[in-house]
Amino acid sequence: MIEHPIKVRYTRVSELAHIPTRGSEKAAGYDLYAAIDSTIRIAPHETAKIDTGLRFEIPDGYFAAIFARSGIAAKEGLRPANCTGVCDSDYRGNYIVAMHNDSEVTGVVEPGERIAQMVVLPYLPVFFEESDSLTDTERGEGGFGSTGRQ
């Protein structure tokens with residue numbers, strides 16, 4: 001266990017909001033909950049925005065990555081529409097998860113249901129430098145599937 005966890009401040013913007021929780025002590029992701037007052041039905045291949053009722057202050061040098069939860073994905077065919085959300089440290093708005101239904105049946109999100117998981121990750125700032133050429137590698141310009149079996 002990390003001796004000095006990173007402090008992430010939050011505010012509730014809905015009385016329906018749940019504080020993020022982990023499924024176990026070693027879980028990397030913190031479950032985000034639907035801060036809704038009634039069931040939301042998502043038609044096949046449609047997307048609905050689900051508010052968490054929370055705003056976060058992610059420390060500088062980090063971002064919050066929003067990932068699918070395997071349970072709701074397997075049971076309802078629902079996942080974040082952008083697959084992985086990126087919430088930057090300077091964003092102070094509501095955390096809203098756009099849930100997409102990949103299945104052929106209507107998906108259901110219940111009030112207080114766990115809808116996604118948030119992992120707080122560090123990032124490396126980079127400097128992009130334009131160049132007339134790049135260093136050669138064995139792979140070279142080999143793209144999709146180029147490192148697989150021949």
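Modeller: In what follows, a residue is buried if its relative accessible area is under 20%, exposed if over 50%, and partly exposed in between. The model is predicted.

Colleague: Is phenylalanine 56 buried or exposed?

Modeller: The cut-off for a buried residue is under 20% relative accessible area. Phenylalanine 56 has a relative accessible area of 3%, so phenylalanine 56 is buried.

Colleague: What kind of aromatic pair do the rings of tyrosine 10 and phenylalanine 56 make?

Modeller: The whole structure holds three aromatic pairs. In the pair of tyrosine 10 and phenylalanine 56, the ring centres are 6.5 Å apart and the planes stand at 50 degrees. Planes under 30 degrees apart would count as stacked and over 60 as edge-to-face. An angle of 50 degrees fits neither, so the pair is tilted.

Colleague: How many residues apart are tyrosine 10 and phenylalanine 56?

Modeller: The rings of tyrosine 10 and phenylalanine 56 form one of the three aromatic pairs. This pair links distant parts of the chain, with tyrosine 10 in strand E1 and phenylalanine 56 in strand E4. The separation is 46 residues.

Colleague: Which residue forms an aromatic pair with tyrosine 91?

Modeller: Tyrosine 10, discussed above, is partly exposed at 34% relative accessible area. A further tilted pair involves tyrosine 91, with 5.9 Å from centre to centre and 40 degrees between the planes. Tyrosine 91 is partly exposed at 36%, whereas its partner is buried at 3%. That partner is tyrosine 95.

Colleague: Which residues form one aromatic cluster?

Modeller: Tyrosine 10 pairs with phenylalanine 56, and tyrosine 91 pairs with tyrosine 95. These residues belong to one aromatic cluster. The members are Tyr10, Phe56, Tyr91 and Tyr95.

Colleague: What is the order of the strands in the open sheet?

Modeller: The open sheet has four strands, with antiparallel pairing. Its edge strands, each pairing on one side only, are E1 and E6. From one strand to the next, the twist averages 40 degrees. The strand order is E1-E4-E8-E6.

Colleague: Which residue is the bridge partner of isoleucine 50 in E8?

Modeller: E4 and E8 run antiparallel and are joined by six bridges. Isoleucine 50 has its bridge partner in E8, namely valine 97.

Colleague: How many residues apart in sequence are glutamate 57 and arginine 9?

Modeller: The side chains of glutamate 57 and arginine 9 meet in a salt bridge, with N and O 3.7 Å apart. Glutamate 57 lies in strand E4 (residues 47-57) and arginine 9 in strand E1 (residues 9-12), so the salt bridge ties together parts of the chain whose separation is 48 residues.

Colleague: Is arginine 9 buried or exposed?

Modeller: Glutamate 57 counts as partly exposed at 32% relative accessibility. Arginine 9 has a relative accessible area of 51%, and the cut-off for exposed is over 50%. By that cut-off, arginine 9 is exposed.

Colleague: Which residue forms a salt bridge with arginine 69?

Modeller: The closest N and O atoms of this salt bridge are 3.1 Å apart. Arginine 69 lies in the loop between strand E5 (62-67) and helix H1 (70-76) and its partner in strand E2 (residues 30-33), so the pair ties together parts that are 38 residues apart in sequence. Both residues are buried. The partner is aspartate 31.

Colleague: How far apart are N and O in the salt bridge of aspartate 102 and arginine 79?

Modeller: Aspartate 102 is partly exposed at 39% relative accessibility, and arginine 79 is partly exposed at 22%. A salt bridge requires the nitrogen and the carboxyl oxygen to be within 4 Å. Here the N to O distance is 2.6 Å.

Colleague: How many salt bridges does the count come to?

Modeller: Glutamate 57 with arginine 9, arginine 69 with aspartate 31, and aspartate 102 with arginine 79 are among them. The count comes to four.

Colleague: How many disulfides does a search of the whole structure find?

Modeller: A disulfide needs two cysteine sulfur atoms within 2.5 Å. The sulfur of cysteine 83 is 15 Å from the closest cysteine sulfur, in cysteine 87, which is too far for a bond. Cysteine 83 is partly exposed at 45% relative accessible area, whereas cysteine 87 is buried at 13%. The number of disulfides found is zero.

Key: Residues are numbered from 1 along each chain as its sequence is written. This is a predicted model: local features need pLDDT of at least 70, side-chain atom pairs count only at pLDDT 80 or more; totals for chains, interfaces and linings use all residues. Side-chain values use heavy atoms; hydrogens and water are left out. Helices (H or I, at least four residues) and strands (E, at least two) are DSSP runs, numbered from the N terminus. Buried means under 20% relative accessible area, exposed over 50%, partly exposed in between (1.4 Å probe, protein chains only). Rings of Phe, Tyr and Trp (its six-membered ring) pair if their centres lie within 6.5 Å; planes under 30 degrees apart count as stacked, over 60 as edge-to-face and the rest as tilted. Two strands pair if DSSP finds at least two bridges between them. Axes are lines fitted to C-alpha atoms, for helices over the stretch in contact, and angles run from 0 to 180 degrees between N-to-C directions.
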